[in-house]
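Here is a short tour for anyone who likes to look at side chains before running anything. Have the viewer open and follow along.

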Amino acid sequence: MSTLSPSAKLDELMGREQRKTPSWIGDAIYGVNDGLGAIFGIIAGVAGYTDNNQTILISGFFGALASTLSMAAGAWLATRSENELLDKAFHEAKRDIEQNREREVQILSLIYETRGFEPHEAKEIAERIAKDDDLFLKTMAQEKHGIHEASRGNAWGAAFSGGLSTFIGGVVPLIPFFFMHGLATIITAAAVSLAAHFVVGALKSLVTVRSWWSSGIEMTFAGVIVGVVSYLLGLAGSHVL
């Protein structure tokens with residue numbers, strides 16, 4: 001017979017579900033997606049402007065660095081902001097409880113009534129929860145403000161994973177330029193980039209409900225549009241400047 005408490009059992013079961021698709025997988029996929037799309041667009045545009053492989057490589061490489069730093073900073077700021085909103089919600093929930101505890105118990109009871117509990121059942125549940133100050137605070141933060149402590153993220157972890165995955169995605173279109181020269185390099189880079197678009201799109205099916213082939217084709221089509229438009233804009237710029 002299990003000796004785990006109900007909360008421990010819930011954490012264990014929820015943990016099993018979350019381990020099926022770890023959250024970092026989704027973050028990594030979208031980071032690679034951003035880096036791949038941005039740098040493919042850059043090298044396509046520069047390739048339309050000039051046939052100098054070194055210029056294309058340098059432009060793409062520093063574009064990858066800029067995208068990496070931008071994504072890392074954005075992920076850090078976004079996670080910090082989300083954590084600050086959580087802190088504010090918990091602070092407001094704690095303040096409300098301290099100022100008028102009975103009112104908060106009544107609110108919680110009414111919340112449970114709207115979910116189908118009979119009035120006496122809802123009141124009993126709310127009063128039982130209110131006997132535990134820590135549980136009452138967490139429950140009110142979740143039920144009244146819609147937030148949960150488990151939503152708190154690691155800002156530095158988000159910055160590292162977001163930046164690293166973006167850099168990896170950004171380097172992929174540049175690989176041929178380290179080993180080849182001439183027009184063949186650009187053609188190979190386009191082929192590698194579009195293949196990578198399909199793979200990343202297929203991997204997105206891990207965090208969505210779409211089929212892998214449909215997601216892969218959609219991502220590839222988006223890459224084609226980005227590449228063609230960027231190349232044409234670069235080509236037009238070479239005739240104007």
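## Around L108

Leaving aside neighbours within four places in sequence, L108 is in contact with A126, I129, F136, T139, M140 and E143. Please keep in mind throughout that this is a predicted model.

L108 also belongs to the largest nonpolar core, which has 17 residues; L108, F136 and I147 are the members that touch the most others there. Helices α3, α4, α5 and α6 are the elements that give two or more residues to this core. Its largest share, five residues, comes from α3. Another core, of eleven residues, lies apart from it, and I56, L57, A64 and L174 are among its members.

## Helix α5 and its two sides

Let's turn to α5, which covers residues 119-130. With twelve residues at 1.5 Å each, α5 should span 16 Å, and its end C-alpha atoms are indeed 16 Å apart, so expectation and model agree.

Which residues of α5 are buried? They are A122, A126, I129 and A130. Viewed down the axis of α5, these buried residues fall within an arc of 100°, so they line one face of the helix. An α-helix has 3.6 residues a turn, so residues three or four places apart point the same way. The cover over the buried residues of α5 includes α4 (101-114) and α6 (133-145). Two of those buried residues, A126 and I129, are also among the contacts of L108.

On the face turned away from the buried side, α5 carries the exposed residues H120 and R128. R128 has a relative accessible area of 56% and counts as exposed because that is over 50%. Its side chain meets that of E124 in a salt bridge, at 3.0 Å from N to O. E124 and R128 both lie in α5, four residues apart, or about one turn of the helix. E124 is partly exposed, at 43% relative accessibility.

## Salt bridges that meet at K144

The count of salt bridges in the model comes to ten. Which residues are linked with K144 in a network of them? The other members are R95, D96, R103 and E104.

Take D96 to begin with: D96 forms a salt bridge with K144, and the closest N and O atoms are 3.1 Å apart. D96 lies in helix α3 (residues 53-99) and K144 in helix α6, so this pair ties together parts that are 48 residues apart in sequence. E104 forms a salt bridge with K144 too, with the closest N and O atoms 3.0 Å apart. This pair links distant parts of the chain as well, with E104 in helix α4, K144 in helix α6, and their positions 40 residues apart.

## Buried or exposed partners?

How buried or exposed are the partners in these two bridges? D96 is buried, at a relative accessible area of 13%. E104 is buried as well, with 1%. Both values are under 20%, the cut-off for buried, so each acid qualifies. K144, by contrast, is partly exposed, at 31% relative accessibility. In this network, then, K144 is a partly exposed lysine that forms salt bridges with buried D96 and buried E104.

Terms used:
Residues numbered from 1 in each chain as written. Predicted model: local features only at pLDDT ≥ 70, side-chain atom pairs only at ≥ 80, totals over all residues. Heavy atoms only, no water. Expected span 1.5 Å × (residues − 1). Buried < 20%, exposed > 50% of the residue type's maximum accessible area, 1.4 Å probe, protein only. Arc of directions from axis to C-beta. Contact = heavy atoms within 4.5 Å. Salt bridge = Lys/Arg side-chain N within 4 Å of Asp/Glu carboxyl O. Core = buried A, V, L, I, M, F, W, Y, C linked by side-chain atoms within 4.5 Å.
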